[in-house]
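I opened this notebook page to record what I looked up, one topic at a time. My entries follow the structure shown here.

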Amino acid sequence: MALEYFDVAVLLVVLSLASWLVVKKRSRQSILWLSVFTLIYFGFYRNGCICSIGAIQNVTLSFASPAYTISLTALLFFVLPLGFTLFFGRTFCAAACPLGAIQDVVIIKPISLPKWLNKTLGLIPYLYLSLAVLFAATGTDFIICRYDPFVGIFRMDAKFHMVVLGVSFLLMGMFVARPYCRFLCPYGVLLSWMSRFSKWHMTITPSKCIQCKLCANSCPFDAIDYPTNEKEVLKSGLGPKKFLTYALVIPLWIAAGVFVGNRSHTFLSKANPDVFLAELLISKPEIKNDKDNIDVQTFLSSGKTLETLVSEAEIIRHKFYYGSMMAGGFMGLVIGLTLLNTVVFRKRQDYEPNRSNCLSCTRCMDFCPVEK
Amino acid sequence: MENNKTQNRRKFIQNGVRLSLLLSLGTVTAAALRKVTTDDYVWQIDPFECTQCGRCATDCVMKPSAVKCVHAFALCGYCDLCGGYLKPDSINRDTAAENQLCPTAAIERRFIEEPYFEYHINEDLCIGCAKCVKGCTSFGNGSMHLQIIHDICVNCNECSIARVCPSNAIKRVKASEAYLVKGDFSRKPKA
């Protein structure tokens, strides 16, 4: 299949071009056209499969399952955007992601969300990522692909509830800009880690910020950090004491997360068809007489014994036992660190893009009056 | 001066974290590369494990399904009373529409010589419901079987039929050997 390798080449070209347009050329117009190309090629022509977001699961499964070997194209789709982001910021989100592109073109009147809401909703991607990795690692499901809201629009064909989901995301996206990218996308989590430490992240101003405040409300994603007001900080009582308290509770958050993971592993493991079938056959033995239950009837006629099925299900549940606790611990750590971040005071003199949340869409640049 | 120091420390930390992120990304890639294949994967039905449950027709993301019936002529008995073509409980043994198994009349019956008939599948009409496959497997040689047709299949990262397949008959196969055809395995079905 040469087309898959052509896709990788296209991705590489789009990423390079996007990075150059964002960091060097600083042209919103070109980025817009490039994202329209991405939308048409990766979205409507290639039907949005395979994408970098879903490739997380392929990489996870290749580590978790000895039988699964990952295809080179899936691995490249996973790695290339992350590598680019580490140097140029999230230019992938700006122009190379079809899911981002379709949301970007419907932004009409973006509203600014309060900071606490932004932060709270911003935790959802971490949860989504941990669940996606958990389900992929246990060989249960690829939830990122299954609940991709836009793939149905790209294919012009999907189950009714997925169409409703996709359309409502687009409708919401008219006012809350790019809701999937900001409050769901699990790949965005990895990208934000990379972007935070990127070498040549885009800047709002081409030379020196004159603090004219013109860009302050230009970002539809609330990703511009304002200059710090030291008086306000003094009043708020931030200090080493508060920082230490928040830092010391992090282990408690992790412990709480592990506990929640431990409690929920039985529930989560029911998503696995083998576990589900085994539980069903044990809890409701009369289901064996249900001629309409295809799964049960197929199992009964397969010649496999219930003992084999149960022991297989137990192995999977065992994986869920450790996986859920790890996912829970990770979520606890994330919550703890997010809270810690709220009491950290960073001196900032200028209007700057928030490197982890900035999608490098370059809208703010048009508002900057400073000449190069 | 002090400001410079903070700047330098911040820069140092940033560079350090960037380097470690780069290293971890490299490690993940290298680890994944050990299990990489340059041959892409596609989904295919193992006809010997298929139990003809009918979900291929209902659960594919494509409408109609990318799963179609293919016919291994080398295995076919060319019967007059074809278990894949005629309903087993029909009142009259004739080829009237109400006696045909296929809900979309996708099977075309051609006369060869007494008493032999050849059965052709019209792929454009076939919806992959496996009714004929079930009939053929139960009463005949099993020459009719289901395959995912790759010029229709969009090759989802996770096949939505594979997820619900009760016998786990749908597997990832290498794209260079994309079909698991019964009978003559070197022959690929007409694309």
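Helix α2 of chain A. I began with the packing around α2(A), and I found that its buried residues pack against α1 (2–25), α5 (91–96), α6 (98–104) and α10 (151–155) of chain A. I note here that I am working from a predicted model, and that my values are computed from it. The buried residues in question are I31(A), L34(A), S35(A), T38(A), L39(A), F42(A) and G43(A). I then checked the length of the helix: α2(A) covers residues 28–45, and its 18 residues should span 26 Å at 1.5 Å a residue, which agrees with the 24 Å between its end C-alpha atoms. After α2(A) comes N47(A), and I wrote down that its phi is positive, near 60°.

Nonpolar cores. Next I asked which residues have the most contacts inside the largest nonpolar core. That core has 130 residues, and the ones I was looking for are A18(A), I56(A), A132(A) and C132(B). I followed A132(A) further and, leaving aside its neighbours within four places in sequence, I listed its contacts as I56(A), Q57(A), I143(A), I144(A) and P186(A). There is also a second, separate core of five residues, and I noted V275(A), L277(A), A278(A) and A313(A) among them. As background I kept in mind that nonpolar side chains tend to be buried together in soluble globular proteins.

Domains of chain A. I looked up the division of chain A and found domain 1 (2–227 + 352–367) and domain 2 (240–342). The C-alpha centres of these two domains of chain A lie 29 Å apart. At their contact, 12 residues of domain 1 of chain A meet 13 residues of domain 2 of chain A. On the domain 1 side, helix α8 (residues 124–137) of chain A gives the most, with seven residues, and I sorted the residues of that side into seven nonpolar, three polar and two charged.

W253(A). I located this tryptophan in helix α15 (residues 240–269) of chain A. Is W253(A) buried or exposed? I entered W253(A) as buried, because it has 21 C-beta neighbours inside 10 Å and the cut-off for a buried residue is 20 or more. Leaving aside neighbours within four places in sequence, I found W253(A) in contact with G332(A), L333(A), I335(A) and G336(A). I also looked at L337(A), which is 84 residues from W253(A) along the chain, although their C-alpha atoms are separated by 9.5 Å.

Contact between the chains. I then turned to where chain A and chain B meet, and the contact takes 35 residues from chain A and 29 residues from chain B. On the chain B side, α1 (2–33) and β1 (36–37) each supply at least two residues, and the largest share, nine residues, comes from α1(B). I divided the residues of this side of chain B into 15 nonpolar, eight polar and six charged. Strands cross between the chains as well, since I found two bridges joining strand β1 (residues 70–71) of chain A to β1(B), with the two strands running parallel. In that pairing, V36(B) is the bridge partner of I70(A).

A hairpin in chain B. My last entry concerns strand β4 (residues 107–113) and strand β5 (residues 116–121) of chain B, which run antiparallel and are joined by six bridges. A hairpin connects β4(B) to β5(B) through two residues, and across the pair I found Y119(B) as the bridge partner of R109(B).

Technical notes
Residues are numbered from 1 along each chain as its sequence is written. Chains are lettered from A and ligands numbered from 1 in the order in which they are written. This is a predicted model: local features need pLDDT of at least 70, side-chain atom pairs count only at pLDDT 80 or more; totals for chains, interfaces and linings use all residues. Two residues are in contact if their C-beta atoms, placed from the backbone, lie within 7 Å. Helices (H or I, at least four residues) and strands (E, at least two) are DSSP runs, numbered from the N terminus. Ala, Val, Leu, Ile, Met, Phe, Trp, Tyr, Cys and Pro count as nonpolar, Asp, Glu, Lys and Arg as charged, and the others, Gly among them, as polar. Two strands pair if DSSP finds at least two bridges between them. Domain bounds come from an automatic or database domain assignment. The expected span of a helix is 1.5 Å times one less than its number of residues. A residue is buried if 20 or more other C-beta atoms lie within 10 Å of its own, exposed if 12 or fewer, and partly exposed in between; C-beta atoms are placed from the backbone. A nonpolar core is a set of buried Ala, Val, Leu, Ile, Met, Phe, Trp, Tyr and Cys residues joined through C-beta atoms within 7 Å.
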